[in-house]
Amino acid sequence: MMEIRFHGRGGQGAVTAAELMARAAILDGKYAQAFPNFGPERRGAPVTAFLRVSEQPIYLREKIESPDTVVVLDPTLIDLVNVADGLKPGGMMVMNLAASGRGALAKYGDQFQVAAVDASRIAVETIGIPVTNTAILGSLIKACGITSLKTMEGPMQRRFGRLAAKNLLALQRAFEETEVPEAPAAPSPAAPAAGQEGCTYAELLQREALLVWDQLQIGCDIDLPGSTAAFHTGNWRSAGRPYIDREKCVSCGFCHVYCPDLAMNFTDDGAIEWDHRYCKGCGICAEECPKGAISMREESHEQ
Ligand code: SF4
Ligand code: SF4
């Protein structure tokens, strides 16, 4: 039996990816199951999905704690979640990483096999949006087999309808562009990553890098006022970052009222000021600004 754990963010299609692969495996005559594990149900929050594929009936129903393969749909998760947690020694990691970010793989290279592809770029070039689930499936097939590109066509046609052709192109492109290690890494015990153990909320506040929901101590009480300030919801943004044209801004405060994360406030002289640590990039402020003073743009633009 092969056990695979998918790591993505809400809205990226990790759950759909596991389901599509399960359907394809079943079409191949295998047994398969796929199911998700959600944390906070908001777009952008870390999401885990599980996939089992076997030649024999599967009777297990629990979460996969010790996968053969992990699939990472979003490169920013590498610093937030211990994606290698429980991965079997010598196991496979299928990672969405731009070529410029491959240095991040060094910490895994001596324990696991790592297959990398720039799935975000492929998704944008084929589908038009950075939803990486179908691209990463092409990479997974290249790295682990499981099913074939041909078998994936049926489940993807059924799931995506008129958008299937673009998603199939993403699948094919990622399959072709995935770099797979030629030889398995020598098996060695996986060491737990520093800072990934559970902690109390009081300890949490002392940390520079905040933990995500499933690294908190189970049953942990949060009894301090103003505690949401400790969670940087802006560590991932969906529609770029808001930029303000101060020539147009009349300090009406609409953006402040509508922002679901209170990512901006007024300075003493009445100007509006963003704290991007809390901005999740939803774009509501830009939609609501009556003066058109806010534009959503890529992170690289200067303020
Ligand atoms: S995009 Fe605007 S409304 Fe949305 S979280 Fe950021 S600042 Fe708030
Ligand atoms: S809504 Fe627009 S005009 Fe009003 S304070 Fe915000 S940026 Fe300025």
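## The loop holding Gly86

In this predicted model, Gly86 is found in the loop that links strand E4 (69-72) to strand E5 (92-96). Although Gly86 and Glu65 are separated by 21 residues in sequence, their C-alpha atoms are 5.9 Å apart in space. When residues up to four places away in sequence are left out, Gly86 touches Glu65, Ser66 and Pro67.

Gly86 has 15 other C-beta atoms within 10 Å and is therefore classed as partly exposed, since a buried residue would need 20 or more such atoms and an exposed one would have 12 or fewer.

## The chain as a whole

The chain contains nine helices and 10 strands. Of its 303 residues, 37% are buried. Among contacts between residues at least 6 apart in sequence, 63% join residues that are at least 24 apart.

## Helix H4 and its contacts with H3 and H1

Two packed helices are described by the angle between their axes and by the distance between those axes. For helix H3 (residues 119-126) and helix H4 (residues 133-144), the axes come within 8 Å and cross at roughly 125°, which means that H3 is oblique to H4. The crossing of H3 and H4 is right-handed. On the H3 side the contact is made by Ala119, Ile122 and Ala123, and on the H4 side by Ala135, Ile136 and Ser139. By class, the residues of this contact between H3 and H4 comprise five nonpolar, one polar and no charged.

Helix H1 (residues 14-27) also packs against H4, with axes that come within 9 Å and cross at roughly 45°, so that H1 is likewise oblique to H4. H1 passes H4 in a right-handed crossing. In this contact Ala14, Thr16, Ala17, Leu20 and Met21 of H1 meet Asn133, Ile136 and Leu137 of H4, and the residues divide into six nonpolar, two polar and no charged. Ile136 of H4 thus takes part both in the contact with H3 and in the contact with H1.

## Helix H1 against H5

The axes of H1 and H5 come within 8 Å and cross at roughly 130°, which makes H1 oblique to H5. The crossing of H1 and H5 is right-handed. H1 contributes Thr16, Leu20, Arg23, Ala24 and Leu27 to the contact, while H5 contributes Thr151, Met152, Gly154, Pro155, Met156 and Arg159. Classed by side chain, the residues of the contact of H1 with H5 are six nonpolar, three polar and two charged.

Thr16 and Leu20 of H1 appear in the contact with H5 and also in the contact with H4.

## Two non-glycine residues with positive phi

Ile146 is not a glycine, yet it has a positive phi of about 70°. Ile146 lies in the loop between H4 and helix H5 (149-160), and because 22 C-beta neighbours fall inside 10 Å, Ile146 counts as buried.

Leu262, again not a glycine, has a positive phi of about 45°. Leu262 belongs to the loop between helix H8 (254-258) and strand E8 (264-266), and with 14 other C-beta atoms within 10 Å, Leu262 is partly exposed. Leu262 and Trp274 stand 12 residues apart in sequence, with a C-alpha to C-alpha distance of 9.0 Å in space.

## The surroundings of the two ligands

Around ligand 1 are Pro242, Cys259, Asp261, Ala263, Met264, Cys279, Lys280, Gly281, Cys282, Gly283, Ile284 and Cys285. Cys259, Cys279, Cys282 and Cys285 are among them, as are Asp261 and Lys280. By class, this shell has eight nonpolar, two polar and two charged residues. Asp261 and Ala263, both in the shell of ligand 1, flank Leu262, whose loop runs between H8 and E8.

Ligand 2 is surrounded by 13 residues, of which the closest are Cys249, Cys252, Phe254, Cys255 and Cys289. The shell around ligand 2 divides into 10 nonpolar, two polar and one charged residues.

Key:
Residues are numbered from 1 along each chain as its sequence is written. Chains are lettered from A and ligands numbered from 1 in the order in which they are written. This is a predicted model: local features need pLDDT of at least 70, side-chain atom pairs count only at pLDDT 80 or more; totals for chains, interfaces and linings use all residues. Axes are lines fitted to C-alpha atoms, for helices over the stretch in contact, and angles run from 0 to 180 degrees between N-to-C directions. Helices (H or I, at least four residues) and strands (E, at least two) are DSSP runs, numbered from the N terminus. Angles under 35 degrees count as roughly parallel, over 145 as roughly antiparallel, 65 to 115 as roughly perpendicular and the rest as oblique. A crossing is left-handed if the near helix is turned anticlockwise from the far one by less than a right angle, and right-handed if clockwise. Two residues are in contact if their C-beta atoms, placed from the backbone, lie within 7 Å. Ala, Val, Leu, Ile, Met, Phe, Trp, Tyr, Cys and Pro count as nonpolar, Asp, Glu, Lys and Arg as charged, and the others, Gly among them, as polar. A residue is near a molecule or strand if its C-beta atom, placed from the backbone, lies within 6 Å of it.
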